[in-house]
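Here's a quick briefing to read with the viewer open. Have a look at the fold first, then work down the bullets.

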Amino acid sequence: MCGIVGLHLKNPELQPRLGELLVPMLEAMTSRGPDSAGVALYDDSGMTVIKDVGRPREICERNGVARRGGYQAVGHTRMATESAVTTEGAHPFTPLPGLALVHNGSFSNHATIRRDLAFGGIECTTENDSEVAARFIGRELSNGADLADAMRMVLKEFDGFFTLLVTTATQFAVLRDSFACKPAVIAETDDYVAMASEFHALAELPGINTARIVEPEPERVYAWSR
């Protein structure tokens, strides 16, 4: 069990508040992942990744996340099940410049895909199955696929139960497996798109009471572009 959050700002006036809005979302996911946490924040200068072992509040306070601005962010809290609790094994995984992946769930055939990637010269540096998915998507993007098509390839090649939130410098996309047993909720207003594993992580966002709330359908890629 892990926790995912993400925020894609449509309204430039909210950009100075990106970190301020993200931190309560991430802290709300502490019970889903007390082992480690991380965020990827996007602004016009690029993507900044912060991740560490420990609780989300401590990591955010230590790195001044609430003071950071930008137009998009993803976050993750991890409860380790298949690999060690290390900073390297924490999410997000960022195999390419501007690409970030956070994942709740597990892939049963990740070892096979890991070997296939290695055969093509793409090496994973951790035992985390989420890194395999990140590097797989990175390979598809490098081969010319757009993000939505790369995520559809995950559905074709990976077995397991999962919710994925994947971002690039211009895109924000959510995908659940065919059973959709890992929780996810999306809220959209004229000002932002927000995603979280559980609704209470969205409760403090401005305008949430009038947001369009969606539980993502199985096997459907939900994507927004900047």
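A residue counts as buried here when its relative accessible area is under 20%, and as exposed when that figure is over 50%. Keep that cut-off in mind, and keep in mind too that this is a predicted model. The protein chain has 226 residues, and 54% of them count as buried.

**Overall build**

- The secondary structure of the protein chain adds up to 5 helices and 11 strands.
- The radius of gyration is 16 Å, which agrees with the value near 17 Å that a compact globule of 226 residues would have.
- If you want a box, the C-alpha atoms fill one of roughly 45 × 35 × 30 Å along the principal axes.
- Among contacts with a separation of 6 or more, 66% are between residues 24 or more positions apart.

**Surface and charge**

- About 9,700 Å² of the protein chain is exposed, and carbon and sulfur atoms supply 47% of that area.
- The chain carries 21 positive and 30 negative charges, and the mean positions of the two sets are 1 Å apart.

**The nonpolar cores**

- The largest nonpolar core has 30 residues, and the members that touch the most others are Val5, Leu7, Met25, Leu41, Tyr192, Leu202 and Leu205.
- Two or more residues of this core come from each of strand E1 (3-9), helix H1 (18-27), strand E2 (36-43), helix H2 (56-63), strand E8 (185-188) and strand E9 (192-196).
- H1 gives the largest share of this core, with 6 residues.
- Another core lies apart from it; this one has 24 residues, including Ile113, Phe136, Val166 and Leu175.

**Helix H1 up close**

- H1 is mostly covered, with 7 of its 10 residues buried.
- Those buried residues are Leu18, Gly19, Leu21, Leu22, Val23, Met25 and Leu26.
- The buried residues of H1 pack against E1, E2, H2, E9 and strand E4 (72-78).
- Which residues does Met25 touch, not counting those up to four places away in sequence? The list is Val5, Gly6, Leu7, Ala194, Met195, Ala201, Leu202 and Leu205.

**Backbone oddities**

- His91 and Pro92 are joined by a cis peptide bond, with omega at about 5 degrees.
- Pro92 sits in the loop between E4 and strand E5 (100-107).
- Ala180 is not a glycine, yet it has a positive phi of about 55 degrees.
- You'll find Ala180 in the loop between strand E7 (171-176) and E8.
- Is Ala180 buried or exposed? Ala180 counts as buried because its relative accessibility is 16%, and the cut-off for buried is under 20%.
- Glu219 also has a positive phi, about 60 degrees, although it is not a glycine.
- Glu219 belongs to the loop between strand E10 (212-214) and E11.

**Ser225 in strand E11**

- Ser225 is part of strand E11, which covers residues 222-225.
- Ser225 counts as exposed because its relative accessibility is 55%, and exposed means over 50%.
- Leaving aside neighbours within four places in sequence, Ser225 is in contact with His8, Thr170 and Gln171.
- Thr87 is 138 residues from Ser225 along the chain, and the C-alpha atoms of the two are separated by 30 Å.

Notes
Residues are numbered from 1 along each chain as its sequence is written. This is a predicted model: local features need pLDDT of at least 70, side-chain atom pairs count only at pLDDT 80 or more; totals for chains, interfaces and linings use all residues. Side-chain values use heavy atoms; hydrogens and water are left out. Helices (H or I, at least four residues) and strands (E, at least two) are DSSP runs, numbered from the N terminus. The radius of gyration is taken over C-alpha atoms; the globule rule is 2.2 Å times the number of residues to the power 0.38. Buried means under 20% relative accessible area, exposed over 50%, partly exposed in between (1.4 Å probe, protein chains only). Contact means heavy atoms within 4.5 Å. Accessible areas come from the Shrake-Rupley method with a 1.4 Å probe; for residues, only the protein chains shown count as cover. Lys and Arg count as positive and Asp and Glu as negative; His and the chain ends are not counted. The place of a charge is taken as NZ of Lys, CZ of Arg, CG of Asp or CD of Glu. A nonpolar core is a set of buried Ala, Val, Leu, Ile, Met, Phe, Trp, Tyr and Cys residues joined through side-chain atoms within 4.5 Å.
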